[in-house]
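Below is a briefing on one protein chain, arranged by topic. Please read it alongside the structure.

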Amino acid sequence: MKQYALPVRSIPLNDSYDVIVIGGGPAGCAAAAAAAREGAKTLLIEQTGSLGGMGTSALVPAWTPFSDKEKLVYRGIAEKVFVETKRGMPHVKPDAMDWVPIDAERLKRVYDDLVTDAGASVLFNTFFSAVETSEEGAVKAILVSNKSGLTAYSAKIYVDCTGDADLCAWAGAEFHKGGEKDPTLMPATHCFILSNVDEYAYRHSEGLYGGNPRSPIHAIVASGKYPAIPDVHCCNNTVGPGAVGFNAGHVYQLDATDPVNVSHGMMQGRKIAAAYRDALAEFAPAAFGSAFLVQTGSLMGVRETRRVVGDYVLTLEDYVARRSFEDEICRNSYFIDVHAKVKAALNDLKRFNEWEKTTIHYGKGESHGIPYRCLTPKGLKNVLVAGRCVSVEQIVQGSVRVMPCCLAMGEAAGLAAALASKGSGDVHAVDTQRLRSRLKEEGAYLPELPASVATPAGA
């Protein structure tokens, strides 16, 4: 690509904040709220016009499980968001913990209140555009663009909650994409909502989930009449009266760090959603004969891009061992959920079931710890990371990437950012015992550590 040299010029600088959080998804909202709660002057920068990311703008229709099949594991801010969202959904039982539907509009307001009530400021429709770093690995300033043009912001501590590790990557931190031998990323999904669904017929019909051998999705794909529908992946939930949200199908070979790639993917996703509406109207007419495609996500449902290399990389061995860590800042119980990367792998029931057998599930009451060191990028002094781009192996990212876990990691990152901003300004020097103590005081689930916590070599 040709190069263009920017002329030297001055732009406005705002250096009044202690903590700046980039990205207003679950991790970013929790981080901003936690930092502001600790007394740090905090700014949350979000590129869209609402908070919540995957659960709001991307229309992911349900939370992954909040429990370890016995009790809530994601507590603190995560539990507050979960409970408050359920409160406005009368068709959801108050004690429901797993695969609970999401009312995206309500969740937007829940996040608005969470962040602003804690005292953080929010800047919508603002793109993080560039970063300036020192030779010592400290971020000096970030550049953002919005209707005011270019503006620079400088803070003591930054929290990268972009999901794609944009701040860390542009600041020079090491990162990985894909696996060591296979760089292919998990496919994305463009979620959507069908309205005017016959609720009685929907509730009493065969489940649409791809693992159900009687699901109409198998006949739809086998018919070949709707080639836009790529496979039998078909998760769905009642998100409101006569409204069913779909996390269905895949957009393959999508890299969310490539704007051209994403642009094509969004157009493809809208075609997929329309094909689902027509196919379900034909193959499941009792429920969907009069259904209306009311909305597709304004964000693509992205599962994986960059993963930062932190002071510790959480491994599959850690996951399988249900390992605990002296500096763990949350627990995670979600299964290893790595979506098949090749279209043919999920195009019929047999292949779908073969894929499901590759997942790794925990038993009742089981979980593993996530150490603080997964949130501290190597080589960057005043930057933390939270969300699906934390420091883990690719296969483990298939578990920790989900929204409840992102909320828990975000709260820890925000609290740590506030502590660092009041101290040395070095996120690697945060007193993790103090951090854990404050998280517990705020309701986080951090059970007593085993007498002999096995910290892996190299930690």
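Helices (H or I, at least four residues) and strands (E, at least two) are DSSP runs, numbered from the N terminus. The model is predicted, so local features need pLDDT of at least 70, side-chain atom pairs count only at pLDDT 80 or more, and totals for chains, interfaces and linings use all residues. Residues are numbered from 1 along each chain as its sequence is written, and side-chain values use heavy atoms, with hydrogens and water left out. The chain comprises 13 helices and 15 strands.

**Overall dimensions and surface**

- The radius of gyration of the chain is 22 Å, which agrees with the value near 23 Å that a compact globule of 459 residues would have; the radius is taken over C-alpha atoms, and the globule rule is 2.2 Å times the number of residues to the power 0.38.
- The C-alpha trace spans about 65 × 60 × 45 Å along its principal axes.
- About 19,200 Å² of the chain is exposed, and carbon and sulfur atoms supply 52% of that area (Shrake-Rupley method with a 1.4 Å probe; for residues, only the protein chains shown count as cover).
- Of the 459 residues, 58% count as buried, where buried means under 20% relative accessible area, exposed over 50% and partly exposed in between, with a 1.4 Å probe and protein chains only.
- Side chains carry 47 positive and 51 negative charges, and the centres of the two sets lie 3 Å apart. Lys and Arg count as positive and Asp and Glu as negative, while His and the chain ends are not counted; a charge is placed at NZ of Lys, CZ of Arg, CG of Asp or CD of Glu.

**Contacts and nonpolar cores**

- Contact means heavy atoms within 4.5 Å. Of the contacts between residues at least 6 apart in sequence, 74% join residues at least 24 apart.
- A nonpolar core is a set of buried Ala, Val, Leu, Ile, Met, Phe, Trp, Tyr and Cys residues joined through side-chain atoms within 4.5 Å.
- The largest such core has 109 residues, and Ile-20, Trp-63, Ile-142, Ile-329 and Met-409 have the most contacts inside it. Helix 12 (residues 403-422) supplies the largest share of this core, 14 residues.
- A second, separate core has 37 residues, including Tyr-226, Ala-275, Val-302 and Phe-352.
- In soluble globular proteins, nonpolar side chains tend to be buried together.

**Selected residues**

- Ile-20 lies in strand 1 (residues 13-22) and counts as buried because its relative accessibility is 0%. Beyond its neighbours within four places in sequence, its contacts include Leu-43, Ile-45, Ile-142 and Tyr-158. The C-alpha atoms of Ile-20 and Tyr-158 are separated by 4.9 Å, with their positions 138 residues apart along the chain counted as the sequence separation.
- Val-396 belongs to helix 11 (residues 394-400) and is buried, with 0% relative accessibility. Setting aside neighbours within four places in sequence, Val-396 touches Leu-314, Thr-315, Leu-316, Tyr-319 and Ile-336. The C-alpha atoms of Val-396 and Leu-314, 82 residues apart along the chain, are separated by 7.3 Å.
- Ala-96 sits in the loop between helix 2 (77-87) and helix 3 (104-118). Apart from neighbours within four places in sequence, Ala-96 is in contact with Phe-82 and Lys-86.

**Backbone at two asparagines**

- Asn-125, in the loop between strand 3 (121-123) and strand 4 (127-133), has a positive phi of about 50 degrees although it is not a glycine.
- Asn-196, in the loop between strand 8 (192-195) and helix 5 (199-204), likewise is not a glycine and has a positive phi of about 60 degrees. Asn-196 is exposed, with a relative accessible area of 51%.
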